[in-house]
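Work through the following exercises with the model open beside the text. Each one sets a task and then takes the solution step by step.

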Amino acid sequence: MEYSSHHFDVIVVGAGIMGSSAAYQLAKRGQKTLLLEQFDFLHHRGSSHGESRTVRATYPEDHYCDMVMESSQSWEQAQSEIGYKVYFKAQQFDMGPSDNKSLLAVISSCEKKSLPYQVLHGQQVADRFSGRITVPESWVGVLTEVGGVIKPTKAVSMFQALAFQKGAVLRDNMEVKNIVKDEVRGGVNVVVADGEKFWGKKCVVTAGAWMSKLVKTCVIGGSRRGTRRSLPSEAIFPTFASYGEPYIYGTPSLEFPGLIKIAVHGGYPCDPDKRPWGPGISLDSMKEWIEGRFSGLVDHGEPVVTQLCMYSMTPDGDFVIDFLGGEFGKDVVIGGGFSGHGFKMAPVVGRISGGPCA
Ligand SMILES: Cc1cc2nc3c(=O)[nH]c(=O)nc-3n(C[C@H](O)[C@H](O)[C@H](O)COP(=O)(O)OP(=O)(O)OC[C@H]3O[C@@H](n4cnc5c(N)ncnc54)[C@H](O)[C@@H]3O)c2cc1C
């Protein structure tokens, strides 16, 4: 087929990490790809911007462990293509009550997947981290080598640059208003706010929290809170996660010297176009957690910086990557609901969501 400037093999809607990764994978496979973004590229209104996303392979579910391990190689491959780093490796330390089901499942998943791990109890934890991290006697810790931090804005920019290098067309400030089946030629017509229309044989929709506005059958969206606290700059920390209520995770002192990012899962539904930016949920339980875990080395008073995050939540926290179906059959793939833990797996999500289109 002859292609004009408005005809593509695949149109990807949404240039967060998932759409940018999919566009790169598709262009790499020789597909004539268009990536459309409603705001400026690298904007701060979605879920893929900022300075840090944690990596861990310690999932209770085996398939996420596989996705992280494959992604880990793909991050390195993409870094070697672009010539700079977006993924900075560290150890990962998971901790929680020794009868916590998710943590126990993490241990058996490490065993099953032959992921080297160490289980540490009370004093062993304090010894391993020179007293910087401590856990109650009734808790257990799991230390693995697959952890670290990805710089999100830089990573999105990397995939967009690689996609462009491989021939993809990238257009921002293009809000997709409608995706309609082309009854004559097959494929889909993608219509943007000013009426410009593009035709694609296939379409991948990675619209984050806007998914339910564009694709009426999905309902996902919500906000969560993250915070940064001070930490002695000489401290060397792993990336970490704490199971139970509240679920807390964080990064070592990498992005801002002397500060540590500690994030708590919790929040409420929101409209991505009217999202709150001010105070979110109470941080009392997090303050208590910081006081207990970091032996007074981390100031548990007021945070230095706080930021509300917007997650696209599914009820079970699992990703949705599927054909839209109905009249679109297999022509439209949706990738959404990454539920606050998808970034690290973006290379594999890009491969899977672009897969049926190539
Ligand atoms: C603060 C925070 C901390 C997190 N921490 C971690 C972590 O430590 N580890 C981890 O693995 N994951 C983490 N996550 C999750 C991870 O960042 C997200 O799963 C991931 O960024 C989701 O990417 P996305 O591309 O699906 O969505 P988004 O980044 O929101 O991208 C969707 C894009 O689609 C565009 N769009 C929407 N509608 C349209 C339209 N109609 N037309 C054109 N464009 C449109 C939007 O403008 C947006 O740019 C965190 C998320 C947040 C917010």
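**Exercise 1.** Find which residues are in contact with Cys203 in this predicted model, leaving aside its neighbours within four places in sequence.

*Solution.* Start from Cys203 and apply the criterion of C-beta atoms within 7 Å. The contacts found in this way are Val10, Ile11, Val13, Ile179, Val188, Val190, Asp331 and Val332. Next, place Cys203 in its wider setting: the largest nonpolar core has 98 residues, and Cys203 is among those that touch the most other members, together with Ile11, Val12, Val13, Ala23, Leu35 and Ala163. Finally, turn to the domains, where this core draws at least three residues from each of domain 1 (1–51 + 151–220 + 316–358) and domain 2 (90–148 + 222–311).

**Exercise 2.** Describe the shell of residues around the ligand, by position and by residue class.

*Solution.* The shell holds 35 residues, of which Gly14, Gly16, Gly46, Gly208 and Cys309 come nearest to the ligand. The elements that contribute two or more residues to it are α1 (17–28), β3 (53–56) and β15 (305–311). Sorting the shell by class gives 16 nonpolar, 15 polar and four charged residues. As for the domains, at least three residues of the shell come from each of domain 1 and domain 2.

**Exercise 3.** Decide whether the protein chain is as compact as a globular protein of its length or less so.

*Solution.* Begin with the secondary structure, which comes to eight helices and 17 strands. The radius of gyration is 21 Å, and the globule rule gives 21 Å for 358 residues, so the chain is as compact as a globular protein of that length. Along the principal axes, its C-alpha atoms fill a box of roughly 70 × 40 × 35 Å. To complete the description, note that 49% of the residues count as buried, and that, among contacts between residues at least 6 apart in sequence, 73% join residues at least 24 apart.

**Exercise 4.** Examine the backbone at Leu42, Asn173 and Pro246, and locate each residue in its loop.

*Solution.* Leu42 has phi near 65°, a positive value in a residue other than glycine, and is found in the loop between β2 (33–36) and β3. With 19 other C-beta atoms within 10 Å, Leu42 is partly exposed, since a buried residue needs 20 or more. Asn173 also has a positive phi, near 55°, and lies in the loop between β7 (169–171) and β8 (176–181); with 14 other C-beta atoms within 10 Å, Asn173 is partly exposed. The last step concerns the peptide bond from Glu245 to Pro246, which is cis, with omega near -5°, and Pro246 lies in the loop between β12 (239–242) and β13 (248–251).

Terms used:
Residues numbered from 1 in each chain as written. Predicted model: local features only at pLDDT ≥ 70, side-chain atom pairs only at ≥ 80, totals over all residues. Near = placed C-beta within 6 Å. Helix = DSSP H or I, 4+ residues; strand = E, 2+ residues; numbered from the N terminus. Nonpolar A, V, L, I, M, F, W, Y, C, P; charged D, E, K, R; others polar. Domains from an automatic or database assignment. Rg over C-alpha atoms; globule rule 2.2 N^0.38 Å. Buried ≥ 20, exposed ≤ 12 C-beta atoms within 10 Å, placed from the backbone. Contact = placed C-beta atoms within 7 Å. Core = buried A, V, L, I, M, F, W, Y, C linked by C-beta atoms within 7 Å.
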